[in-house]
Amino acid sequence: MGMTDVLVVGAGPTGLVLACDLARRGAAVRIVDRSPAPPRTSRAKGPNARSLEILDDLGVAEEVLAAGSAPLPMLKYRDRLPVAETDPWADSSPSPDAPYDRGRLIAQWRLEEILRDRLAGYGVRVELGREVTGLGEGPGGRHVEVTFAEGRTERARYVVGCDGAHSSVRKLLGIGFEGATAEDQVMVCGDVDLADGALDRTRWHQWFDEDGAVMLCPIPGTRTGWWFQAGPERDGRGRPLAPTADGFRRLLARHTALPGRALTRAELLSTYRVNVRMADRFRAGRVFLAGDAAHVHAVAGGLGMNTGIQDAFNLGWKLGLVLAGHAGAELLDTYEEERLPVAARTLDLTSERLRATLEAIRRPGGGLDAAITPDTTGLGVGYRWSSLARGLAEAPQAGDRLPDAPDAEDRVARNGERPAPQAGDRAPDAPCVDAATGARTRLHRVFAGPRTTVLGFGPGSAAVLREVAAAYGDAGVRTCRVYAAHEDRATFGPGAAVVDAEGHAAAAYGTKASDGTGTGTGAGTVVIVRPDHHLGLSVPAADARSVRAYLRRLHGGPGSADGSAQGSADRFSGIGGRHR
């Protein structure tokens, strides 16, 4: 077998999103999982709003929406009686810049099935029953030697460990996984069937009593399936007992008005302990960590799987550009630079939400809605501190304080207008009209697919867009002219063009200020949107030099495919042999 570009280890949502993103870029990607069959797990309850945008970019959002359900109102009980009902999403609605305002409930195994099907469309299938037992540096540090349990050694230019909290890849690298496990914060979980009609399937039912709790959420796509979570039964010494079907029946009978026999089946039983840990680093030479292999959080807010999906979307385009020979290997340093602070912040956020939830459920009417805040949508996550969000001469100095990512609150309108997004922020969406066909579209549809997008607002942007299209049109960069409704739509040349018929794009990107009316001949703004939908640059159209410099950094010189990706920055640092 020849050289693989990227070997993805672990076929959960993180690994599958990464493999899909790399496969559509034409990279030679393989994905292995130690499980003999596709892992059936039910831990994550579905993608949040930001992950839905990523799944949309990968072309599977419609399928995910169809297979899942909207988040449900929560019905809270005390002493078996309903005491309160809360819909955490009652006050939120889609907006022009964020068409997904909430996540989707879908069984994790069903989401993985959809992603595996998408991956198979690129001719890539998960290689099951394959466990990585050794990682070594190839000659000259130009690839990784990967040893499998069956004794075979194979070669890959890069390896990404997406193999969960007990990651073999992380252990083989000798990377520390510091943090704490709260042995007293324990929950038993499983997928169960309840007798048909036992409970209203339009609610997430939550019983919180002085001596324990039971939570039941209907599993979309099933008639009688429910997610079961509960405080564990305990032995005479107060130690939690392992989950069993009969134990679940006893918990059901104790806390709810349902008889134990209403629970007809229980599978995928597990014990969950609150684990808050993070890897010391997310990269060792040509090997990366993503998802639970790099960080595990408290379950509150549902950010575990979502943070992993977003890790994958950050890393995929960077590996793609380096493998294509457009970008130098130093681009890969920005993966840890951007994602490690996000993971650290997520650890803090989820721990705080868990604390708030534990506090809330002590009072009748309190429930899991305490874990849900605007932060948990993922839409406010950005990378303002990143070297990719700074002028090329503004590399951060030792001791510089990293600016915070914008909170969700930063996205709230001030004086009726949102502040213009800054470099590093998520690129807003906006409804618009295709200038050529008149069909309704939106900016995220323009961004979809594995390319960098250069948006031009105002007449003054036309020259820069022409230059970019000529220099980089074949190197993974697309241009799009955004016309105001009243503008003369004279053709400016190659690339897409949309009409901002209702002014949402100009409002979202803060470009109305470029000359007050948007009609000046020299006025204009050029915005570079990275392949992961984050702003790289937003400058006056007259500043073509900054546009050139930024694109050179991501895509090399015009027409470049010089293989500069194989620089010394790729060499391993202290990679260790096998599991002892």
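Among contacts in the chain of this predicted model that link residues at least 6 apart in sequence, 70% join residues at least 24 apart. The secondary structure of the chain consists of 12 helices and 23 strands. Of the 580 residues in the chain, 55% are buried. The chain exposes an area of about 23,300 Å², and carbon and sulfur atoms supply 50% of that area.

A search for enclosed space covered the whole structure and returned four cavities of 30 Å³ or more. The second largest cavity is described here in detail; the space within the second largest cavity comes to about 80 Å³.

The lining of the second largest cavity is made up of Arg50, Ile54, Gln310, Phe313, Asn314, Arg339, Gly378, Val381, Tyr383, Asp532 and His534. Two helices, H2 (49-57) and H7 (304-323), each supply at least two residues of this lining. Helix H7 accounts for the largest share, with three residues. Lining residues whose numbers fall within the span of H7 include Gln310, Phe313 and Asn314, while Arg50 and Ile54 fall within the span of H2.

In terms of residue class, four nonpolar, four polar and three charged residues form the lining of the second largest cavity. The nonpolar residues include Ile54, Phe313, Val381 and Tyr383. Gln310, Asn314, Gly378 and His534 are among the polar residues, and the charged residues include Arg50, Arg339 and Asp532.

Note on methods:
Residues are numbered from 1 along each chain as its sequence is written. This is a predicted model: local features need pLDDT of at least 70, side-chain atom pairs count only at pLDDT 80 or more; totals for chains, interfaces and linings use all residues. Side-chain values use heavy atoms; hydrogens and water are left out. Helices (H or I, at least four residues) and strands (E, at least two) are DSSP runs, numbered from the N terminus. Buried means under 20% relative accessible area, exposed over 50%, partly exposed in between (1.4 Å probe, protein chains only). Contact means heavy atoms within 4.5 Å. Accessible areas come from the Shrake-Rupley method with a 1.4 Å probe; for residues, only the protein chains shown count as cover. On a 1 Å grid over the protein atoms alone, a cavity is a set of points where a 1.4 Å probe fits but cannot get out, and a pocket is an open set with protein on both sides within 12 Å along at least five of seven lines; lining residues have an atom within 4 Å of a point. Grid points are joined across faces, edges and corners, and a volume is the space filled by probe spheres set on the points.
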